[in-house]
Amino acid sequence: MTITANERLGLNPTDPRPAEETRPLVDRTQTNPLFGDQKMKLGLFGTNCSYGLIMSHAPSTYEITWAHTKEIAQRADQLGFDVLVPVARWKGFGGSTNFNGNCFETYAWAAGLAEATERIAIGATSHLPTVHPIVAAKAATTIDHISGGRFALNLVMGWVPPEMEMFGREQREHDARYDFGQEWLDFATRLWTEEGSFSIDSEFFTGDLLEAYPKPHQAPRPALLNAGNSPRGIEFSARNVDINFASLDTLDNIKSYTDALRAKAREEYQREIKAMTYGLVVCRDTEDEAKRAFRQVVDEGDWGAAGNVIKIAGSGESQSFDHAVREMQERFIAGWGGYPIVGTPEQVAEELGRLNEAGMEGMIFGLIDYNEELKYFGERVIPLLKEAGLRH
Ligand SMILES: Cc1cc2nc3c(=O)[nH]c(=O)nc-3n(C[C@H](O)[C@H](O)[C@H](O)COP(=O)(O)O)c2cc1C
């Protein structure tokens, strides 16, 4: 027997169930391009944060204003891009740019863009320890309704201690962050999917007579994303999310990663998962021009910010500019450590094809000048992707 709203308040169970509680939910394959049939999905990454994916003073018209971020989103929407994934950032990484320091909060950003766009999936990126699942689940549901079922939630555990300290939180040990994340997500999922009310008494959360209405527009819940690449992170992704974002260097590594990720989800959790990657795309008429533009990003790079990122990520203890550290910093300076694609429209389309063959079902990327370069990408690269059968 379903209990009524009155019962859930501890009052008399006389009222019938409100009609909205039984509203049929929408099949998300019909509303969310992340579940659509484009073979190689395209997204933009980091268009809510200063400098986007480049820690560099290389010239760009890119700026963090609402008008500009909206224009980029609308252009991507018109070009048929599949998703926008923002970066959740509470303070910058210092250096001469204070990289990413100027940053729109992502649930609010997503809500605004959901209203301003028509087809593209809109993501919010959420540090799970910074927001209670009741608030986050409700915000996600609200954006899902605004967008008509196009919302995606990127679940991040919080890896930058100075940010977590802003919330008066101590950084949990690496794997314990995912234990917390699992409880957080289980809580939010119950709010998205369960009728009536329930109670929770777990390690990290307690609550009685919990409920959330309306339910999300997409059934059974909004799209979920995660970028865990560690064994525990991959476990979390395989168990829970629709898309994992991988940070990888070679096509061989990508193939073995995507195969293992899918096998894990299928064999251990009886579910399907997609893999996508990210990086900087620099596309110009000639290879030489593209390489020069990429080189300029590195030459005018903010080595201070890149060094801070690498230091915090724990992967580069040395401040000396030996070859390995310099190369790693170059990858961070030009694309946040992602997979760089630099070349002519033909070369960019071919590389996206190779990534797809290696098991990547999409790429979210940054551009040195998002808005300006998007026009070029739309005119020169998308037709080639269509010819190659990667897009329609
Ligand atoms: C596509 C992508 C988006 C990410 N977005 C954020 C973000 O917005 N905020 C953040 O703090 N970390 C972000 N990260 C960092 C991931 O959260 C980080 O790589 C992850 O915590 C590493 O997990 P692991 O140690 O399990 O591999 C992102 C990573 C990727 C690849």
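Me: How do the residues of the shell around the ligand divide into nonpolar, polar and charged?

Reply: Ten are nonpolar, eight polar and one charged. Ala, Val, Leu, Ile, Met, Phe, Trp, Tyr, Cys and Pro count as nonpolar, Asp, Glu, Lys and Arg as charged, and the others, Gly among them, as polar. This is a predicted model: local features need pLDDT of at least 70, side-chain atom pairs pLDDT 80 or more, while totals for chains, interfaces and linings use all residues. Residues are numbered from 1 along each chain, and side-chain values use heavy atoms, without hydrogens and water.

Me: What makes a residue part of the group that surrounds the ligand?

Reply: One of its heavy atoms must lie within 4 Å of the ligand. In this model 19 residues surround the ligand, and the closest are Ala88, His174, Tyr178, Asn229 and Ser230.

Me: Why is the pair between Ser230 and the ligand called a polar contact?

Reply: A polar contact is a pair of N or O atoms within 3.5 Å; within protein, one must be able to donate a hydrogen and the other to accept it, and residues adjacent in sequence count only if both atoms are side-chain atoms. A polar side-chain atom of Ser230 lies 2.5 Å from a ligand oxygen, so the pair qualifies.

Me: Which backbone and side-chain atoms of Asn229 and Arg89 approach a ligand oxygen?

Reply: For Asn229, a backbone N or O atom lies 2.8 Å from a ligand oxygen. For Arg89, a side-chain N or O atom is 2.9 Å from a ligand oxygen.
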